[in-house]
Amino acid sequence: LFGLPDQKPHERVLLAADAETGLKAILAVHSTARGPAFGGCRFWTYDNELAALNDALRLSQGMSLKNALADLPFGGGKAVIIKPAGDFDRPALFAAFGRAVQSLQGAYITAEDVGTTTADMLGMQAHTQFVSGIPRAGAFGGDPSPKTAWGVFVSIEAGVRLHLKRSSLDGVRVALQGLGAVGWHLAEFLHKAGAKLVVADVDAAKVARAQEQLGATAVGIHEILSADVDVLAPCALGASLNASSIPTIRAQLIAGAANNQLATVEDGDTLQQRGICYLPDYLVNAGGIISVAREYRNEGEESAVMAEVSRIGERVAELLERVKAEGTTPGRAADAWARSKLVKPV
Ligand code: NAI
């Protein structure tokens, strides 16, 4: 429980259970060195409680690195709610979760993640002030996924320029694994920039929509990682880059929204040996947390958020410089860079 290999131990982990609503949640505060721990709440079906705990621990330490690299005045945290097996009252369940968040007295701030919605966050507002990602009349806020997609897009642009040595996305072939909240917005940005899309999703309706509206080529979910493309954008779930998928990858650049894409750190080394440039997930997918963090602090306007998210592209360029200078992989360079920032911002 207290610290995964080569990682700082978590400061605090709260196991929250509420018999009346069926809530079983894990709220993991990895680090508050930079400020309160900020990270979304995942609502998911897990095989067992240990699997949920493992997810919360991994995701929360990822948030520490993500928030540090994005220069946010926040530490890293994450919550997971284990989806109840039978019928349940969703607003009541999230109300109980909101009370658990409140009990941490601001050490952890929550927002959307996989399986949670803006409506869940809105409902929680009556139970905790430590929640963000809520639409506001006349101001930016709410669903972070378009901002996440924009951050991935500017990362792909930077990677295409610096690694593929191409001046624009026009004609660049991009494979998108997952056309959900982030994947769909990313597909639209890429299409507008002239990229040729190859897509896969378990949901056939989303694939059909991409074919009709964006001229995308559809492939099966088992073919997408090895598609004959220039860029691969994993936007479904984690660990897609592993010992069995990596030898089949034909893309030269990988940048996507999914958290924890590399199954192991060594998988990043194998990608590098194959000449494939992998842009670390927590660097490129920070657009959403940048958005909810600004919303939480009531800072700036939409254009300011977009400008801050666009700076992710500059960080990609700086990371690739560090990789060259240090003779390491992007994953290891990003880890070292983020860890050097796990201190209170000045
Ligand atoms: P989502 O649930 O809206 O979309 C995921 C999509 O992937 C769905 O359309 C699903 O049908 C599809 N999918 C699932 N398994 C698949 C498979 N094996 N092959 C192909 N498609 C598959 O989730 P969302 O919000 O778009 O997030 C995607 C990823 O990005 C997640 O890993 C999430 O943690 C991460 N992320 C999302 C952020 C956000 O702002 N929404 C912020 C940072 C990270």
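I began with the domain centres, and taken over C-alpha atoms those of domain 1 and domain 2 are separated by 26 Å. I note at the outset that this is a predicted model.

Next I looked up the bounds behind that separation: the assignment gives domain 1 as 12-124, while domain 2 is made of two stretches, 145-286 and 314-340. I then asked how many residues of domain 1 are in contact with domain 2. I found 14 residues of domain 1 in contact with 14 residues of domain 2.

I turned to the chain as a whole, where I counted 11 helices and 12 strands. The radius of gyration came out at 19 Å, close to the 20 Å that the globule rule gives for 346 residues, so I recorded the chain as being as compact as a globular protein of that length. For the dimensions, I noted that the C-alpha trace spans about 55 × 45 × 40 Å along its principal axes.

On packing, I entered that 54% of the 346 residues count as buried. I also looked at contacts between residues at least 6 apart in sequence, and of these 67% join residues at least 24 apart.

Last, I went to the surface and the charges. The accessible surface of the chain comes to about 14700 Å², and carbon and sulfur atoms account for 53% of that area. The chain carries 33 positive and 37 negative charges, and I noted that the mean positions of these two sets lie 5 Å apart.

Technical notes: Residues numbered from 1 in each chain as written. Predicted model: local features only at pLDDT ≥ 70, side-chain atom pairs only at ≥ 80, totals over all residues. Heavy atoms only, no water. Helix = DSSP H or I, 4+ residues; strand = E, 2+ residues; numbered from the N terminus. Rg over C-alpha atoms; globule rule 2.2 N^0.38 Å. Buried < 20%, exposed > 50% of the residue type's maximum accessible area, 1.4 Å probe, protein only. Contact = heavy atoms within 4.5 Å. Areas by Shrake-Rupley, 256 points an atom, 1.4 Å probe, with all protein chains shown as cover. Lys, Arg positive; Asp, Glu negative; His and termini not counted. Charge placed at Lys NZ, Arg CZ, Asp CG, Glu CD. Domains from an automatic or database assignment.
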